[in-house]
Amino acid sequence: MRKTILLTGGAGYIGSHTYVALVQAGYEVVILDNFSNARADVPDRLEVITGAPVTVHRADVLDKQAVAAVFAAHKIDAVVHFAARKAVGESQTIPLEYIETNCTGLVNLLMTMRDAGVFRIVFSSSATVYAETEDWPIPEEAELGYASTYALTKLMGEQIIRQVAGSDARWRHGILRYFNPAGAHESALIGEDPRDIPNNLMPYIAKVAVGELPTLNVFGDDYPTPDGTGVRDYIHVMDLAEGHVKSLDALMAGAESHIVNLGTGKGYSVLDMLASYSKACGRDLPYRVTERRAGDLACYFGDPAKAKALLGFQARRDLDDMCRSSWAWISRRSNMRGA
Ligand SMILES: NC(=O)c1ccc[n+]([C@@H]2O[C@H](COP(=O)([O-])OP(=O)(O)OC[C@H]3O[C@@H](n4cnc5c(N)ncnc54)[C@H](O)[C@@H]3O)[C@@H](O)[C@H]2O)c1
Ligand SMILES: O=c1ccn([C@@H]2O[C@H](COP(=O)(O)OP(=O)(O)O[C@H]3O[C@H](CO)[C@@H](O)[C@H](O)[C@H]3O)[C@@H](O)[C@H]2O)c(=O)[nH]1
């Protein structure tokens, strides 16, 4: 019997890629998304990629009745929970909305799961839950902390799940701490598609590559890193998606709950990314070095050993794969808009 997975936030960037990986792994998937940060045509694109109809419920995780209705309509076996607000800067200006969506939304979901007798959840956490450190690679046991309301909501999310799990032995959770997701599905039909000027490096470079932004601002080249620019652990979004499948497979097979990093364990600099993207799009992309961005760390990358040992997960794609797939997606998207 195929297992049915509820995928909240399944029309978003990581959720849509995870949808593809779950379907390919043989799961039946039901998407719940309010489309607050997703394009309306994503389900059609998922249908083209997977060659099968997509089941979508347009609903808000804050609407308990609507969430319960989805559980009543399908026999859900487990949940992969992506639905959240994710902009760090915005979380500092509207903290209550972030706490409401990311924490109250999670509580609603857990209550509905409990009432429906569903006790397996894979949760999108983030490397942002680690306290600032200069001790890399960062293992899961590293000190935790938060520097934004967004990070606080992810840390609270982890704690809520662990606390609830402690009250009833039937609960099993996979808490996945992502490093920096990048790239797109090889079909170039889905990918990251920010509506505003992006804060993050890869979507910003992508917009420079298609000519929507004039030049990349490199935030500082005097960090204590090999080329002076910031180093991060970029992970291909399809590797990340496959990490969710591994976590879910383990929980469905009766494995214990786990908290793992999903990263590559390798660091790439801003200039590495720029060089790789320039190669992908076939021209040298313009940049200028500006002031450091407030709050940025020189270097940040995770220890992937625990995910490998517990889940057999290892990222397979490299930075060139991330840049090539991002360029294929963004150039196609931009041509379609221009058409
Ligand atoms: N992208 C990253 O760098 C990153 C890093 C670490 C963790 N995460 C986490 O991964 C998850 C997915 O991130 P993403 O990059 O795909 O973001 P995204 O914004 O593309 O996806 C989130 C999806 O959730 C939906 N959503 C938001 N609020 C909702 C609500 N109240 N009810 C129902 N649906 C709602 C949005 O419409 C969107 O489709 C989030 O939980 C995010 O915090 C992301
Ligand atoms: O226009 C830009 C954007 C970024 N950078 C640099 O590129 C690197 C990566 O930046 P970014 O893509 O913003 O990722 P992070 O700084 O690692 O932040 C991401 O990863 C953190 C750890 O998970 C989360 O806390 C944040 O929310 C999330 O945005 C950093 O060195 C930045 O200084 C630039 O030089 N120019």
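In this predicted model, strand S9, made of residues 231–232, runs parallel to S14, and the two are joined over two bridges. That pairing is a good place to start, and the notes below then step back to the chain that holds it. Overall, the chain has 11 helices and 14 strands.

**The sheet around S9**
- Within the S9 and S14 pairing, Arg232 sits opposite Tyr300 of S14.
- These strands belong to an open sheet of three strands, ordered S12-S9-S14, and the pairing in this sheet is mixed.
- Strands S12 (268–269) and S14 (299–300) are at the edges with a single partner strand each, so one side of each has no neighbour in the sheet.

**Overall fold and dimensions**
- For 339 residues, a compact globule would be expected to have a radius of gyration near 20 Å, and the chain agrees with that at 19 Å.
- Along the principal axes, the C-alpha atoms fill a box of roughly 55 × 50 × 40 Å.
- If you take the contacts between residues at least 6 apart in sequence, 79% of them join residues at least 24 apart.

**Burial and surface**
- Of the 339 residues in the chain, 53% are buried.
- The chain exposes about 15100 Å², and 49% of that area comes from carbon and sulfur atoms.

**Charge**
- You will find 34 positive and 41 negative side chains in the chain.
- The centres of these two sets of charges lie 5 Å apart.

How values were computed
Residues are numbered from 1 along each chain as its sequence is written. Chains are lettered from A and ligands numbered from 1 in the order in which they are written. This is a predicted model: local features need pLDDT of at least 70, side-chain atom pairs count only at pLDDT 80 or more; totals for chains, interfaces and linings use all residues. Side-chain values use heavy atoms; hydrogens and water are left out. Two strands pair if DSSP finds at least two bridges between them. Helices (H or I, at least four residues) and strands (E, at least two) are DSSP runs, numbered from the N terminus. The radius of gyration is taken over C-alpha atoms; the globule rule is 2.2 Å times the number of residues to the power 0.38. Buried means under 20% relative accessible area, exposed over 50%, partly exposed in between (1.4 Å probe, protein chains only). Contact means heavy atoms within 4.5 Å. Accessible areas come from the Shrake-Rupley method with a 1.4 Å probe; for residues, only the protein chains shown count as cover. Lys and Arg count as positive and Asp and Glu as negative; His and the chain ends are not counted. The place of a charge is taken as NZ of Lys, CZ of Arg, CG of Asp or CD of Glu.
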